Amino acid sequence: MKFERKSGVLLHPTSLPGTPGIGTIGKPAYDFIDWLIDAGQSLWQILPLGPTGYGDSPYASFSTFAGNPLIIDLQKLVEKGWATKKEITPPDYIKSCGNVDFGAVVWWKLPVLKKIALNFLENCGEQDKAEYKEFCRTKKAWLADYALFMSIKTFYDKKAEQEKPASSIWHSWWPKALALHEKEALADWYRNNKTDVEIYKVIQFFFNVQWTELKEYANENGISIIGDIPIFVAPDSADVWSNQSLFQLDKNGRPDCVAGVPPDYFCADGQLWGNPLYDWDAMKKDGYKWWINRIKRVFELTDVLRIDHFRGFEAYWSVPSSEKTAINGKWCKGPGYDLFKTIRSKLGDLPVIAEDLGVITDEVRALRDQCGFPGMKVLQFAFSPDEARTNGMVNYFLPHMYDTSNCVVYSGTHDNDTLQGWLQNLGDEQLLLVAQYIQGESISLEKARALVKTGSLRKNMLRAVIASTADYAVVPMQDIAGVDNSGRMNMPSTTGTNWTWRMDKAALKKKAAEELNFLSVLYGRNL
């Protein structure tokens with residue numbers, strides 16, 4: 001599928017300003033869309049929308065189908081008549097500004113949502129009841145298992161806090177019949193915990209209503225939403241628990257092998273991600289039904305899809321689950337084009353972006369091109385000596401070296417330094433290279449440093465992104481606002497402070513919108 005020439009902004013909803021504790025899909029999200037319109041943008045890229053699990057990462061979700069309850073806007077629940085103002089009043093330890101404190105937000109907001117959901121079940125009107133039942137009917141393929149998983153998980157997580165097992169993940173801690181997803185055990189659980197299970201469904205109904213209304217508003221105003229999914233799913237998820245025959249697991253539900261990437265120039269031990277691996281033969285036998293349902297769900301929520309770690313569809317790094325590092329793994333063949341051919345036969349041509357960063361082989365490029373998917377270019381990578389070394393001194397991330405317009409260019413991603421932070425940390429030689437390339441003139445190191453300090457070099461790098469031949473150009477909101485590395489979204493292989501950044505409301509300035517709009521008009525991205 002050929003993309004039109006467009007530009008947009010990367011900003012996850014959790015980073016929106018103005019609401020207690022965490023960004024939501026309420027008024028601040030609508031205000032952001034209005035700002036995108038003023039800025040002449042037509043794309044809003046987000047991170048995965050699922051309920052976050054380990055490390056608060058949107059790439060480690062309890063479900064690839066469900067929405068994150070934490071970004072539900074409580075004020076909108078009041079406006080619907082489903083909650084009262086008193087119920088949603090935050091405690092003193094929840095702030096409307098500053099970074100996200102996930103622990104505090106979860107402690108406060110989930111009980112509030114459960115209380116509102118219970119009231120909805122007991123007192124909602126006939127029209128609301130009918131809409132809720134229709135939601136449960138149309139989402140039954142994933143909703144029932146997700147609600148059961150969360151109900152069981154919450155119970156045994158609380159029990160684990162007291163008994164402190166070696167691992168609290170479902171296959172190590174739950175009663176065997178529940179862990180193995182046996183129908184009779186699940187039916188018993190539902191009978192004994194029906195209200196609790198239904199509460200999780202209602203919370204997903206709240207999310208779906210709010211997100212659907214927000215997406216409609218964006219689309220009506222010419223904004224397309226770019227969604228995101230990781231190739232693999234989290235081990236502690238409803239996805240693995242309810243589809244065990246589709247993963248490489250032993251008879252007790254434990255992974256035989258797990259995902260990662262091999263040792264390279266950047267990491268001598270490789271990266272051991274720990275995600276369960278797919279049993280691609282089993283998936284092929286049932287026509288890749290789970291993948292088709294997954295892709296279909298994402299396109300209910302978004303307009304374009306970025307698939308993280310696309311290279312894993314050609315070949316993936318398989319590491320025995322007993323290993324402590326990713327060194328002793330091996331490459332195994334993925335489903336290749338057969339998967340995407342099947343998805344296309346069921347869902348038609350879909351606008352998909354292939355995340356093809358890292359060490360990419362000719363076979364991966366061939367698969368990407370056979371699918372017709374655009375790959376990614378990251379401007380920061382254009383000035384990395386390691387990138388030049390990897391690609392035999394042919395740096396495909398330099399704007400003048402793009403071999404095709406069928407790509408998406410970014411100034412940086414959620415895994416990189418912010419652009420301003422990156423520039424501030426460059427060594428002298430690399431900074432001179434960046435400054436001379438971007439400014440188009442031979443300049444001194446002193447002048448280059450001055451351009452960094454004033455933000456001029458950052459702004460000119462954004463211009464280079466938007467001016468490039470890439471069909472899509474996307475810049476993180478941090479780079480527009482000139483935020484240093486205090487605004488970095490994620491530091492791979494670390495936990496604790498990732499995913500917490502929130503934008504200052506002052507970033508949505510009229511002047512910033514005017515500057516972005518000027519560039520979009522100048523370089524033909526607002527057609």
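1. A cavity, in this note, is a set of grid points where a 1.4 Å probe fits but cannot get out, and a residue lines it if one of its atoms is within 4 Å of a point. Strands are DSSP runs of E, at least two residues long, numbered from the N terminus. With those two ideas in hand, let's walk through the structure, which is a predicted model.

2. Let's begin with the empty space. Rolling a probe the size of a water molecule over the atoms shows where empty space is left. Here that gives five cavities of 30 Å³ or more, and the largest has a volume of about 210 Å³. Its lining is made up of 24 residues, and those nearest the centre are Pro48, Leu49, Gly50, Thr64 and Ile229. Which strand gives the largest share of this lining? Strand 3 does, with four residues. Strand 3 covers residues 224-230, and along with helix 12 it is listed as supplying at least two residues of the lining.

3. Strand 3 leads us to an open sheet of eight strands, in the order 9-6-3-2-1-12-11-10, with parallel pairing. Try tracing that order in the structure above. Strand 9 and strand 10 stand at the edges with a single partner strand each, so one side of each has no neighbour in the sheet. From one strand to the next, the twist averages 25°.

4. Now look at how strand 3 sits in that sheet. Strand 3 pairs with strand 6 in the parallel sense, over five bridges. One pair to find is Ile226 and its bridge partner in strand 6, Val304. On the same sheet packs helix 19 (residues 456-467), touching strand 11 (407-410) and strand 12 (472-476). The direction of helix 19 makes about 155° with that of strand 12.

5. Is strand 1 buried or exposed? Five of the five residues of strand 1 (residues 6-10) are buried, so this strand is largely enclosed by the rest of the structure. Strand 1 pairs in the parallel sense with strand 12 over five bridges, and Val9 has Val475 as its bridge partner there. Strand 1 is also joined by three bridges to strand 2 (residues 43-45), and these two run parallel. In that pairing, Leu10 stands opposite Gln45. As you look at these strands, remember that in a regular strand the side chains alternate between the two faces of the sheet.

6. There is also an open sheet of four strands, in the order 5-4-7-8, and here the pairing is antiparallel. Its edges are strand 5 (271-276) and strand 8 (330-333); each has a single partner strand, so one side of each is left without a neighbour in the sheet. The twist in this sheet averages 50° from one strand to the next. Four bridges hold the antiparallel pairing of strand 4 (residues 257-261) with strand 7 (residues 315-320). Within that pairing, Ala259 stands opposite Ser318 in strand 7.

7. Next comes helix 13 (residues 337-347), whose buried residues are Leu339, Phe340, Thr342 and Ile343. Why do they line one face of the helix? Seen down the axis of helix 13, they fall within an arc of 160°, so they line one face. They pack against helix 11 (280-285), helix 12 (289-301), strand 6 (304-308) and helix 14 (362-371). Just after helix 13 you will find Gly348, which takes a positive phi of about 85°.

8. Helix 14 can be read in a similar way. Its buried residues are Val364, Leu367, Arg368 and Cys371. Down the axis of helix 14, these fall within an arc of 100°, so they line one face of the helix. The face turned away from that buried side carries the exposed residues Asp362 and Asp369. The buried residues of helix 14 pack against helix 13, strand 9 (352-354) and strand 10 (375-378). Just after helix 14, Gly372 takes a positive phi of about 80°.

9. Finally, find Lys133, which has its place in helix 4 (residues 126-138). Exposed means over 50% relative accessible area. Lys133 has a value of 56%, so this residue is exposed. Its C-alpha atom is separated by 48 Å from that of Thr361, and the two residues are 228 residues apart along the chain.

Key
Residues are numbered from 1 along each chain as its sequence is written. This is a predicted model: local features need pLDDT of at least 70, side-chain atom pairs count only at pLDDT 80 or more; totals for chains, interfaces and linings use all residues. Side-chain values use heavy atoms; hydrogens and water are left out. Two strands pair if DSSP finds at least two bridges between them. Axes are lines fitted to C-alpha atoms, for helices over the stretch in contact, and angles run from 0 to 180 degrees between N-to-C directions. Buried means under 20% relative accessible area, exposed over 50%, partly exposed in between (1.4 Å probe, protein chains only). The arc is that of the directions from the helix axis to the C-beta atoms. Contact means heavy atoms within 4.5 Å. On a 1 Å grid over the protein atoms alone, a cavity is a set of points where a 1.4 Å probe fits but cannot get out, and a pocket is an open set with protein on both sides within 12 Å along at least five of seven lines; lining residues have an atom within 4 Å of a point. Grid points are joined across faces, edges and corners, and a volume is the space filled by probe spheres set on the points.
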